[in-house]
Amino acid sequence: PSHDMNAVMKGLDGNFWLATARQKTGTKESVPLLPIRFYQDHKIYEREEKKIFSSIWLFFGITQEFERENSELNNNGAYIRKTAAGEDIFIRKSGNEYTGFINRCPHRFHPIVKDDYGKTNLVCPYHYWSFDEDGCLKGIPYEKECYQFSQAKRKTIALNRIAVEKLGSFLFVNLAKDPMPFEKQFRGQYLKEVKALIVTGK
């Protein structure tokens, strides 16, 4: 059967927020809309990013984006970079796995990737610190001469990972340190609808 992707995505958001509002108010009646300033005030938006969007599952994109922009993106190391909840993030593909990171080196906070899409071996272009596929520290040029890190200290140095959930062709991210279960936010018929969507990437 055909599906309206926009309708499904609106349904996901509406289902979650309406259920949350009804739970807060203890009613099954329609919930009144917020005053217009809540949609226009930048300070309120910044608070929403910090208090709400940084702790819920956010739609990132579709898996076909890794193929659409550049045919070489089918190979290991392909990444897509976007902004979510005010954070510069990217998802990197390795085989059939999708791993998310904050786009910031733990050394001098330089971006790991600079383009919106491409391929990366997770090497910071500033001082060439390198990281493995999980974001753990792999190598530092002149490490013994310049830093002399203990093994214990070395284990604490890593890229900041973020949670990624793949549902059908859709990728979602959650920036929280301890993200809520995906099924707690999106559930029921909407999950089935999204999973059944066939996205062409056009």
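Leu122 sits in the loop between β5 and β6, and in this predicted model its backbone has a positive phi of about 60 degrees, although the residue is not a glycine. Leu122 is also buried, with a relative accessible area of 0%. From that loop we can move out to the rest of the protein, which has seven helices and nine strands. Here is a friendly tour, topic by topic.

**Overall picture**

- Of the 202 residues in the protein, 36% are buried.
- Among contacts with a separation of 6 or more, 54% are between residues 24 or more positions apart.
- The accessible surface comes to about 13300 Å², and carbon and sulfur atoms account for 50% of that area.

**Two nonpolar cores**

- The largest nonpolar core has 16 residues, and those with the most contacts inside it are Phe60, Phe66, Ile89, Ile91, Val173 and Leu175.
- At least two residues of this core come from each of β1 (58–62), β2 (78–84), β3 (87–94), β4 and β9 (170–174).
- The strand that gives the most to this core is β2, with three residues.
- Ile91 is a good residue to click on: leaving out residues up to four places away in sequence, Ile91 touches Phe60, Phe66, Ala78, Tyr79, Ile80, Tyr98, Thr99, Gly100, Val164, Leu171 and Val173.
- A second, separate core holds 14 residues, including Leu122, Cys124, Leu137 and Ile140. Leu122, the residue with the positive phi, therefore meets the burial requirement for such a core, as its relative accessible area is 0%.

**Cysteines**

- The structure holds zero disulfides.
- Cys105 is in no disulfide, and the nearest cysteine sulfur, that of Cys124, is 3.8 Å away. A pair counts as a disulfide within 2.5 Å, so this one falls outside the cut-off.
- Cys105 counts as buried at 1% relative accessibility, whereas Cys146 counts as exposed at 53%.

**Around His107**

- His107 lies in the loop between β4 (97–102) and β5 (117–119).
- With a relative accessible area of 16%, His107 is buried.
- The side chains of His107 and His127 are joined by a polar contact of 3.2 Å.
- Setting aside neighbours within four places in sequence, His107 is in contact with His127, Trp129 and Tyr147.

**Salt bridges**

- There are five salt bridges in the structure, and three of them are described here. As background, side chains of opposite charge can pair when their charged atoms come close.
- Asp88 pairs with Arg81, and the closest N and O atoms are 2.6 Å apart. Asp88 counts as partly exposed, at 21% relative accessibility.
- Arg161 and Asp134 meet through their side chains in a salt bridge of 3.5 Å, N to O. This pair links distant parts of the chain, 27 residues apart: Arg161 is in strand β8 (residues 161–167), and Asp134 is in the loop between β6 (130–131) and β7 (137–139).
- Both partners of that pair have some exposure: Arg161 is partly exposed at a relative accessible area of 43%, and Asp134 is partly exposed at 45%.
- Arg154 forms a salt bridge with Glu143, with the closest N and O atoms 2.8 Å apart. Here the link runs between helix α5 (residues 151–155), which holds Arg154, and helix α4 (residues 143–146), which holds Glu143, eleven residues apart.
- Arg154 and Glu143 are both buried.

**Loops on either side of β2**

- Asn76 lies in the loop between α3 (65–68) and β2.
- The C-alpha atoms of Asn76 and Lys93 are separated by 6.1 Å, with the two residues 17 apart along the chain.
- Not counting residues up to four places away in sequence, Asn76 touches Lys93, Ser94, Gly95 and Lys119.
- Ala85 is found in the loop between β2 and β3. Ala85 has a positive phi of about 50 degrees, although this residue is not a glycine.

How values were computed:
Residues numbered from 1 in each chain as written. Predicted model: local features only at pLDDT ≥ 70, side-chain atom pairs only at ≥ 80, totals over all residues. Heavy atoms only, no water. Helix = DSSP H or I, 4+ residues; strand = E, 2+ residues; numbered from the N terminus. Buried < 20%, exposed > 50% of the residue type's maximum accessible area, 1.4 Å probe, protein only. Contact = heavy atoms within 4.5 Å. Areas by Shrake-Rupley, 256 points an atom, 1.4 Å probe, with all protein chains shown as cover. Polar contact = N/O pair within 3.5 Å; in protein donor to acceptor, adjacent residues only side chain to side chain. Core = buried A, V, L, I, M, F, W, Y, C linked by side-chain atoms within 4.5 Å. Salt bridge = Lys/Arg side-chain N within 4 Å of Asp/Glu carboxyl O.
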